[in-house]
Amino acid sequence: MVKMKIMKSKIGIEELTTGSKAIIVGYKTAYGGYVGKLLSKGLVVGKTLTVANTNSLGNMVEIVVEKQLVSLSKPEADALYVTMLKED
């Protein structure tokens with residue numbers, strides 16, 4: 001089993017690359033209208049996600065949460081704060 005180390009900084013999901021793992025730690029208040037959409041997709045604080053794909057145009061991000069592929073629009077992705085996980 002691979003151990004993961006939680007990094008301290010809170011970043012936006014747009015800073016992650018394909019294959020990166022992170023934990024959802026909050027939502028940006030400027031994107032308050034998207035929080036309900038994120039919650040309905042199961043993206044709650046404490047969930048671990050993996051970036052599966054980023055659209056080359058930057059308008060879509062695909063992540064894996066609990067073995068399910070979830071597509072996020074750029075505003076939805078921008079509304080998430082995450083903390084990156086690194087292999088220990």
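**Contacts, strand pairing and salt bridges in the predicted model**

Leaving aside neighbours within four places in sequence, Thr-18 is in contact (heavy atoms within 4.5 Å) with Val-51, Ala-52, Asn-53 and Thr-54. The structure is a predicted model, in which local features need pLDDT of at least 70 and side-chain atom pairs count only at pLDDT 80 or more, while totals for chains, interfaces and linings use all residues. Residues are numbered from 1 along each chain as its sequence is written, and side-chain values use heavy atoms, with hydrogens and water left out. Thr-18 itself is placed in the loop between strand S2 (11–12) and strand S3 (21–27), where helices (H or I, at least four residues) and strands (E, at least two) are DSSP runs numbered from the N terminus. The C-alpha atom of Thr-18 is separated by 8.9 Å from that of Ile-63, although the two residues are 45 residues apart along the chain.

Strand S3, which follows this loop, is largely enclosed by the rest of the structure, because five of its seven residues are buried (buried means under 20% relative accessible area, exposed over 50% and partly exposed in between, with a 1.4 Å probe and protein chains only). S3 pairs (at least two DSSP bridges between two strands) with strand S4, residues 48–54, in the antiparallel sense over three bridges. With strand S7, residues 80–87, S3 likewise pairs in the antiparallel sense, here over six bridges. Ala-22 illustrates both pairings, for this residue stands opposite Leu-49 in S4 and also opposite Met-84 in S7.

A further antiparallel pairing joins S5 to S6 through six bridges, and within it Ile-63 stands opposite Val-70 in S6. These two strands form a hairpin with two residues between them, and Glu-66, in the turn, has a positive phi of about 50°.

The largest nonpolar core (buried Ala, Val, Leu, Ile, Met, Phe, Trp, Tyr and Cys residues joined through side-chain atoms within 4.5 Å) contains 20 residues, of which Ile-13, Leu-16, Leu-43, Leu-49, Ile-63, Leu-72 and Leu-80 touch the most other members. At least two residues of this core are supplied by each of S3, helix H1 (32–40), S4, strand S5 (60–65), strand S6 (68–73) and S7. In soluble globular proteins, nonpolar side chains tend to be buried together. When residues up to four places away in sequence are not counted, Ile-63 touches Ile-13, Leu-43, Leu-49, Thr-50, Val-51, Ala-52, Gln-68, Leu-69, Val-70 and Leu-72.

Leu-38 has its place in helix H1 and is buried, with a relative accessible area of 0%. Apart from its neighbours within four places in sequence, Leu-38 is in contact with Tyr-27, Leu-43, Leu-72, Glu-76, Ala-79 and Leu-80. Ala-79 lies 41 residues from Leu-38 along the chain, yet the C-alpha atoms of these two residues are separated by 8.6 Å.

A search of the whole structure finds four salt bridges, each defined as a side-chain nitrogen of Lys or Arg within 4 Å of a carboxyl oxygen of Asp or Glu. One of them is formed by Glu-14 and Lys-28, whose closest N and O atoms are 3.6 Å apart. Glu-14 lies in the loop between S2 and S3 and Lys-28 in the loop between S3 and H1, so this pair ties together parts that are 14 residues apart in sequence. Glu-14 counts as partly exposed at 46% relative accessibility, whereas Lys-28 counts as buried at 15%.

In another salt bridge, the side chains of Lys-41 and Glu-76 meet at 3.2 Å, N to O. This pair links distant parts of the chain, with Lys-41 in the loop between H1 and S4 and Glu-76 in helix H2 (residues 74–78), 35 residues apart. Lys-41 is partly exposed, with a relative accessible area of 32%, while Glu-76, which is also among the contacts of Leu-38, counts as buried at 6% relative accessibility.

The side chains of Glu-66 and Lys-47 also meet in a salt bridge, at 2.4 Å, N to O. Here too distant parts of the chain are linked, since Glu-66 lies in the loop between S5 and S6 and Lys-47 in the loop between H1 and S4, 19 residues apart. Glu-66, the turn residue with positive phi, is exposed, with a relative accessible area of 58%.
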